[in-house]
Every structure is written in C-alpha cells, then in structure tokens.
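Student: I would like a close look at one part of this chain, with enough of the rest to place it. Please take a charged side chain that sits in an unusual setting and work outward from there.

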Amino acid sequence: IAIPLFIIVFLANLVNSTNTVIYNNVKIIDKQQQQLITGSGNNISTEIRYLVITDKGTFICESNLIQGKFNNSDIFWHIKKDSTYANMKVSGFGKSFFFDYQNILEIN
C-alpha cells in the first residue's frame with residue numbers, strides 16, 4: 001500500500017511542478033518571511049518559508065528541483081512591496097487539499 005501511495009504522491013507533485021503559468025502586471029501587496037524552529041538542545045532545525053501576496057493571489061517562493069530553481073532567497077528579497085512587475089512565472093495549480101501555493105519561478 002505504501003509504495004503505490006508514494007508513487008501517486010510523487011507523480012502528483014511532478015505534474016504540479018511542471019504546470020507553469022505567467023501572470024502579467026502583478027502588484028505586490030505584501031511579503032512575509034515565516035520561520036519554523038523545531039527541536040531542542042543541539043538538534044534544532046530552522047525552516048524558512050517565503051510568501052508573496054499580490055493582486056493575483058498568494059504565492060510561495062521556494063526551491064524547485066524539477067524546474068532547477070534554487071535561488072528562492074534571491075528572488076524573494078529582490079521583490080519590492082507596492083511595486084508592479086510586468087511578468088511573474090509560477091508553477092503549480094495553487095492552494096488545494098494536496099498542494100501548497102503556486103511557486104514563483106521568476107519575476108521581472
């Protein structure tokens with residue numbers, strides 16, 4: 001049961017990551033850096049999550065192995081609040097039961 005379930009989840013994430021959309025004239029409303037710290041003592045782990053709220057919806061800025069995107073911090077800190085960008089390329093289907101927000105791949 002575990003192997004077929006793993007394969008289904010993997011294939012769903014593969015399809016989600018390869019679905020790309022380009023939004024035009026995107027106004028940045030807000031940016032949020034969320035930090036999750038877990039563990040105790042010498043075993044502390046920190047996970048940083050970058051959210052970008054726009055007039056087109058809420059997006060996440062995270063690494064994407066399938067798209068070859070590993071510059072999520074650079075993209076997030078380049079984005080300016082209250083600015084409008086001509087194009088924003090994202091991957092994913094958006095917030096749903098199985099998936100998180102669409103992921104920003106590039107913005108200009």
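Tutor: What follows starts with one lysine, then turns to the salt bridges and a few further residues.

The model is predicted, so every value below is computed from predicted coordinates. The residue to look at is Lys69, which is placed in the loop between β3 (57-61) and α2 (72-78). Lys69 is buried but takes part in no salt bridge. The nearest side chain of opposite charge belongs to Glu62, at 7.5 Å. A salt bridge here needs a side-chain nitrogen of Lys or Arg within 4 Å of a carboxyl oxygen of Asp or Glu.

What does the side chain of Lys69 meet in a polar contact? The partner is the side chain of Asn103, at 3.3 Å. Setting aside neighbours within four places in sequence, Lys69 is in contact with Cys61, Glu62, Ser63 and Asn64, with Ile75, and with Asn103, Ile104 and Leu105. Glu62 is thus on the contact list of Lys69, although its side chain is 7.5 Å away as the nearest one of opposite charge.

Asn71 is in that loop between β3 and α2 as well. Asn71 is partly exposed, with a relative accessible area of 33%, whereas Lys69 is buried. From Asn71 to Ile28 the C-alpha distance is 19 Å, and the two residues are 43 apart in sequence.

To place this loop, consider the whole chain. The chain has two helices and five strands, in the order α-β-β-β-α-β-β from the N terminus. The C-alpha trace spans about 45 × 40 × 25 Å along its principal axes. Of the 108 residues in the chain, 28% are buried; Lys69 is one of the buried residues. Among contacts between residues at least 6 apart in sequence, 61% join residues at least 24 apart. The chain exposes about 7,100 Å², and carbon and sulfur atoms supply 57% of that area.

Now the charges. The chain carries 9 positive and 8 negative charges, and the mean positions of the two sets are 3 Å apart. How many salt bridges does a search of the whole structure find? The search finds two.

One of the salt bridges joins the side chains of Lys81 and Asp30, at 3.9 Å from N to O. This pair links distant parts of the chain: Lys81 is in the loop between α2 and β4 (84-91), Asp30 is in strand β1 (residues 20-40), and they are 51 residues apart. Asp30 is partly exposed, at 26% relative accessibility.

The side chains of Asp100 and Arg49 also meet in a salt bridge, at 3.0 Å from N to O. Asp100 lies in the loop between β4 and β5 (102-107) and Arg49 in strand β2 (residues 43-54), so this pair ties together parts that are 51 residues apart in sequence. Asp100 has a relative accessible area of 25% and is partly exposed. Arg49 is partly exposed too, with a relative accessible area of 25%.

Two residues deserve a note on backbone geometry. Most residues other than glycine have a negative phi. Asn25, in strand β1, has a positive phi near 50°. Asn25 counts as exposed, at 54% relative accessibility. Asp82 has a positive phi of about 70° and is not a glycine. Asp82 lies in the loop between α2 and β4, the loop that also holds Lys81 of the salt bridge with Asp30. At 53% relative accessibility, Asp82 counts as exposed.

A last residue, Met88, gives a view of a buried position in a strand. Met88 is found in strand β4 and counts as buried, at 0% relative accessibility. Apart from neighbours within four places in sequence, Met88 is in contact with Val21, Ile22, Tyr23 and Val26, with Phe59, and with Ile104, Glu106 and Ile107. Ile104 is on this list for Met88 and on the contact list of Lys69. In contrast to these contacts, the C-alpha atoms of Met88 and Leu5 are separated by 33 Å, and the two residues are 83 apart along the chain.

To return to the start, Lys69 is a buried residue without a salt bridge, and its side chain makes a polar contact with the side chain of Asn103.

Notes: Residues numbered from 1 in each chain as written. Predicted model: local features only at pLDDT ≥ 70, side-chain atom pairs only at ≥ 80, totals over all residues. Heavy atoms only, no water. Helix = DSSP H or I, 4+ residues; strand = E, 2+ residues; numbered from the N terminus. Buried < 20%, exposed > 50% of the residue type's maximum accessible area, 1.4 Å probe, protein only. Contact = heavy atoms within 4.5 Å. Areas by Shrake-Rupley, 256 points an atom, 1.4 Å probe, with all protein chains shown as cover. Lys, Arg positive; Asp, Glu negative; His and termini not counted. Charge placed at Lys NZ, Arg CZ, Asp CG, Glu CD. Polar contact = N/O pair within 3.5 Å; in protein donor to acceptor, adjacent residues only side chain to side chain.
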